[in-house]
There are 2 protein chains.
Amino acid sequence: MPNVYRALGDPTRRHILSMLKQGSKTQKEIVEAFDMSQPAIKKHLNILLEERIISESLNGKYRIYSINLNTLQIGYREMIQYIGELLDDQLVSLKNYVEKGEFRDEEN
Amino acid sequence: MPNVYRALGDPTRRHILSMLKQGSKTQKEIVEAFDMSQPAIKKHLNILLEERIISESLNGKYRIYSINLNTLQIGYREMIQYIGELLDDQLVSLKNYVEKGEFRDEEN
DNA sequence: CTTTCATATAACCATTAGGTTATATATAAT
DNA sequence: ATTATATATAACCTAATGGTTATATGAAAG
């Protein structure tokens, strides 16, 4: 259901997600990281929220955004599945190993 | 440079790519596979061409479209790299195995 | 209670996307 | 030469994107 292509299709949104990967951030912190108006950033946050790639929580006058790894992972896997099939890429079979827990990293 | 998010962001275009994976197709064949006008399909083909995900060749009055696996693979890897980093997914390290050719499938 | 700060919302703008119908062009077939 | 077929293009429509500025709201600090 969440549209990862939509969510990740914009470079500003990808940048926001990279920030959130480092830890949750207030909207203010995010806005300050860009040379862009607060409403513009808010629109990007809204799209990420709609696609459930991030979540929002309240703390007084602050809104705190965090990345939603579950949803991202689901979309990620769908994309890998689809494109991998197009490519007959080895990663698709690897992916199955990972998901079945059958992969052993024998170098460690 | 090719924008894979843009190219793959539309379900019709993903469907077209799935068709082309089965082999090159004329525009006519593609149009017939959809309940959509020829100009609409042509627009999708143009976007895929712009993003270099497919190529076009001429054969008399026919235009033949084929999938461009190289470009797809490049974009695919960029996406996997980016999202994988967000997720710190095991797939990222797996991906490196694959690309370095260090993975051995010990089940076969 | 007034001011300040963080966020939200409204109104606007230009561009792109995704579709339509109608029509032009180019090649092939009769 | 005419007709049929495949593709291209133009004009149009609606909705979504990505941005702006101006203003409203809500919480916290003075």
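This is a short dialogue on reading a predicted model of protein chains with DNA.

Student: Where do I start with chain A? How many helices and strands are in chain A?

Tutor: Start with the fold, and keep in mind that the model is predicted. Chain A has 6 helices and 3 strands. Going from the N terminus, the order of elements in chain A is α-α-β-α-α-β-β-α-α.

Student: And burial? What percentage of the residues of chain A count as buried?

Tutor: For chain A, 42% of its 108 residues count as buried. You can set the surface beside that: chain A has an accessible surface of about 6,100 Å², and carbon and sulfur atoms hold 46% of it.

Student: How do I read the contacts along the sequence? What share of the contacts in chain A between residues at least 6 apart join residues at least 24 apart?

Tutor: Take the contacts in chain A between residues at least 6 apart in sequence; 44% of these join residues at least 24 apart.

Student: Okay, on to the DNA. Which residues come nearest to DNA strand D?

Tutor: The general idea is to list the residues around a strand, then ask which part of the DNA they meet. Around DNA strand D there are 23 residues, with A:Arg6, A:Ser37, A:Lys43, A:His44 and B:Lys28 coming nearest. As for the DNA side, 70% of the strand D atoms within 4 Å of the protein belong to sugar or phosphate, and the rest to bases.

Student: Which polar side-chain atoms lie by a phosphate oxygen of DNA strand D?

Tutor: Here are three cases. A polar side-chain atom of A:Arg6 is 2.6 Å from a phosphate oxygen of DNA strand D. For A:Asp10, an N or O atom of the side chain is 3.3 Å from a phosphate oxygen of that strand. From chain B, B:Lys42 has a polar side-chain atom 3.4 Å from a phosphate oxygen of DNA strand D.

Student: Which elements each supply at least two residues of the surface near DNA strand D?

Tutor: Both chains are on that list: α4 (38-50) of chain A, plus α3 (27-32), α4 (38-50) and β3 (62-67) of chain B. The largest share, 5 residues, comes from α4(A). By class, the surface near DNA strand D splits into 7 nonpolar, 6 polar and 10 charged residues.

Student: Now the other strand. Which residues are closest to DNA strand C?

Tutor: DNA strand C is surrounded by 23 residues, and the closest are A:Gln27, A:Lys28, B:Ser37, B:Lys43 and B:His44. For polar pairs, check whether the DNA atom belongs to a base or a phosphate. A:Gln38 has a polar side-chain atom 2.9 Å from a base nitrogen of DNA strand C. On the phosphate side, a polar side-chain atom of B:Asp10 is 3.3 Å from a phosphate oxygen of DNA strand C, and one of B:Ser37 is 2.5 Å from a phosphate oxygen of that strand. Two or more residues of the surface near DNA strand C come from each of α3 (27-32), α4 and β3 (62-67) of chain A, and from α4 of chain B. The largest share there, 5 residues, belongs to α4(B).

Student: Let me pick B:His44. Is B:His44 buried or exposed?

Tutor: B:His44 counts as buried because its relative accessibility is 13%, and the cut-off for buried is under 20%. B:His44 sits in helix α4 of chain B. Beyond its neighbours within four places in sequence, B:His44 is in contact with B:Asp10, B:Thr12, B:Arg13, B:Ile16 and B:Met36.

Notes: Residues numbered from 1 in each chain as written. Chains lettered and ligands numbered in written order. Predicted model: local features only at pLDDT ≥ 70, side-chain atom pairs only at ≥ 80, totals over all residues. Heavy atoms only, no water. Helix = DSSP H or I, 4+ residues; strand = E, 2+ residues; numbered from the N terminus. Buried < 20%, exposed > 50% of the residue type's maximum accessible area, 1.4 Å probe, protein only. Contact = heavy atoms within 4.5 Å. Areas by Shrake-Rupley, 256 points an atom, 1.4 Å probe, with all protein chains shown as cover. Near = heavy atom within 4 Å. Polar contact = N/O pair within 3.5 Å; in protein donor to acceptor, adjacent residues only side chain to side chain. Nonpolar A, V, L, I, M, F, W, Y, C, P; charged D, E, K, R; others polar.
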